[in-house]
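Let's take a walk through a protein model together, step by step. Have the picture open, and turn it as you read.

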Amino acid sequence: MANATVIGAQWGDEGKAKVIDYLTERADVVVRFQGGSNAGHTVNANGRKYVFHLVPSGIASPGKVCVVGNGVVFDAEAFLAEVDELIAADVLIEGRLFVSDLAHLVLPYHKALDTAAEFGRGALKIGTTGRGIGPAYTDKVSRSGIHVGDLRDWNVFLKKFIRNNDAAIERLKTPDGEPLADMSNLDEDKVITHYHKIRERLLPFIKDTACYLFNAERDGRRLLFEGAQGTFLDVDHGTYPFVTSSNTTVGGACSGAGVGPKSIGHSVGIVKTYTTRVGNGPFPTELTDDIGFHLRATGNEFGSTTGRPRRCGWFDSVMVRKAAQLNGFTRLALTKLDVLNDLDEIKICVAYEIEGKRTDQYPTNARDFEYAKPIYESMPGWKQDISKCKKLSELPDAATNYIGKIQKLCYDIPILLVSVGPDRSDTIEVAGL
Ligand code: GDP
Ligand code: IMO
Ligand code: MG
């Protein structure tokens, strides 16, 4: 297998982790490059279910190395809790999991700032995961962040932490001194004592991971980059301001892992065969009727990080075409086709109507997108269980027609695989990598 980068083509939760897990067999190193513990990545393999937030999904495959790159905002407490769960599940971690010294730390004050910012947005709430993601990236870009590598020298960490924690406490008070968020986790002495312990556990994981990846590639090892969130949560190209605070699109893999563009290899777009979104913001094909409820219940569409119900709707080809443009997809992986098993009719959004005009192209103007009316084409459902199908030829015609229609609407990009169930084995591989 060539290197590959797995990118969500919609609003996240497309099944990226399932595809990463499936491809890990052919890779040597799996790398997360952006986002933080806002991600919820589910892997079902060997009779077990794992939900990852910061640890790359490749850890479920014995012997593979996993790297948390510099572009990730790193919640050390969340990371170590995940490591503990893996150890309890007898997953060997030692020598297999590294964290970039240049990743920025998410600290308790970031979470309090996240909550307060959401509160301050009133009706324009983003619906963040509350994991401190926006404030941590804000500190990074405003050059007051704290690197994971700063933990190597306790005094360096301490000085920066006290400066930032004090500043956050001030920001979290009204002019009258009233608290704007729960401050109970910002007690300086408590956090310092806790992080002193955390530091001891974390030190063995910290590495110059960009250098590690460079040498790994020179030694002929294959890299698999694991995107978090999805294209339309990208801070530049997504449905701003209802986005996350990182570049979720493929370019983020270069800056967030510290590799050159040739290392990206295949750009694999993970495409759910319908659409979901968690949190607020426009969603042209959203279904608030019985079909929407059916998709949520059948697809188990509840956030893996916050447990919130995901909003559900029909497949939107205008968005996925835009995702293909932005990410240069060379393969598509179609997921959750089995969730559509019981539907009589399946609709596909082929274009939008905006101010009375039809357009095939995704509008970058937020207002146009908000008022875009989906233009649908309808296809018959297959009304049977496809989850045991192992080859394309075993699928009913209506299902292959639906796949063909999606592919045609998305520039005929070759389809790497079709996923028909949550398990690693519920996968129909179509094109190679
Ligand atoms: P990610 O964030 O993109 O990695 O996706 P999540 O793990 O948050 O959400 C995808 C959910 O769908 C998880 O519960 C997966 O186990 C499940 N899943 C993945 N692929 C399939 C599929 O083809 N069919 C069904 N029924 N479930 C799937
Ligand atoms: P994975 O990797 C779906 C959404 C939140 C909110 C917005 C901003 O599992 O696909 P943030 O906490 O990042 O500041 O929230 O982004 N969001 C996700 N939605 N899947 C995710 O990750 C998400 N990570 C963040 O719901 O709307
Ligand atoms: Mg998810």
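Begin with ligand 2, where an oxygen atom is 2.6 Å from an N or O atom in the side chain of Thr-244. Keep in mind as you look that this is a predicted model. How much of ligand 2 does the protein cover? On its own, ligand 2 has 550 Å² of accessible area, and the protein covers 98% of it.

Thr-244 has company here. A polar side-chain atom of Thr-129 is 2.6 Å from an oxygen atom of ligand 2, and for Lys-16 a polar side-chain atom lies 2.7 Å from an oxygen atom of this ligand. Widen your view a little, and you will find 20 residues around ligand 2; the nearest are Lys-16, His-41, Thr-129, Gln-229 and Thr-244. Sorted by class, this shell holds seven nonpolar, 10 polar and three charged residues. Which pocket does ligand 2 take? The space that ligand 2 fills is the largest pocket.

Now move on to ligand 1. The space taken by ligand 1 is the second largest pocket, and 19 residues surround this ligand. Lys-16, Gly-40, Thr-42, Asp-338 and Ser-419 are the closest of them. You have met Lys-16 already, since this residue is also listed among those that come nearest to ligand 2. Which helix and which strand each supply at least two residues of the shell around ligand 1? They are helix H1, residues 16–24, and strand E3, residues 41–45.

Next, look for the polar atoms that face ligand 1. In the side chain of Thr-42, an N or O atom is 2.8 Å from an oxygen atom of the ligand. The matching distance is 3.0 Å for the side chain of Asp-13 and 3.3 Å for that of Arg-310. Taken alone, ligand 1 exposes 580 Å², and the protein buries 93% of that. Its shell is made up of four nonpolar, eight polar and seven charged residues.

Follow strand E3 onward, and you come to the loop between E3 and strand E4 (48–52), which is the place of Asn-46. Asn-46 has a positive phi of about 50°, although this residue is not a glycine. Another backbone detail waits at Pro-241, in the loop between strand E10 (223–226) and helix H8 (251–257). Is the peptide bond from Tyr-240 to Pro-241 cis or trans? The bond is cis, with omega near 5°.

Finally, turn to the aromatic rings. A search of the whole structure finds 15 aromatic pairs. One of them brings together Tyr-109 and Phe-161, and this pair counts as tilted because the ring planes stand at 35°, with the ring centres 6.1 Å apart. Where along the chain do these two residues sit? Tyr-109 belongs to helix H3 (residues 108–121) and Phe-161 to helix H5 (residues 154–171). They are 52 residues apart, and the pair links distant parts of the chain.

Key. Residues numbered from 1 in each chain as written. Chains lettered and ligands numbered in written order. Predicted model: local features only at pLDDT ≥ 70, side-chain atom pairs only at ≥ 80, totals over all residues. Heavy atoms only, no water. Near = heavy atom within 4 Å. Polar contact = N/O pair within 3.5 Å; in protein donor to acceptor, adjacent residues only side chain to side chain. Areas by Shrake-Rupley, 256 points an atom, 1.4 Å probe, with all protein chains shown as cover. 1 Å grid on protein atoms, 1.4 Å probe; cavity = no way out; pocket = protein on both sides within 12 Å on 5 of 7 lines; lining within 4 Å. Sits in = over half its atoms within 2 Å of the grid points. Helix = DSSP H or I, 4+ residues; strand = E, 2+ residues; numbered from the N terminus. Nonpolar A, V, L, I, M, F, W, Y, C, P; charged D, E, K, R; others polar. Phe/Tyr/Trp six-rings, centres within 6.5 Å; stacked < 30°, edge-to-face > 60°.
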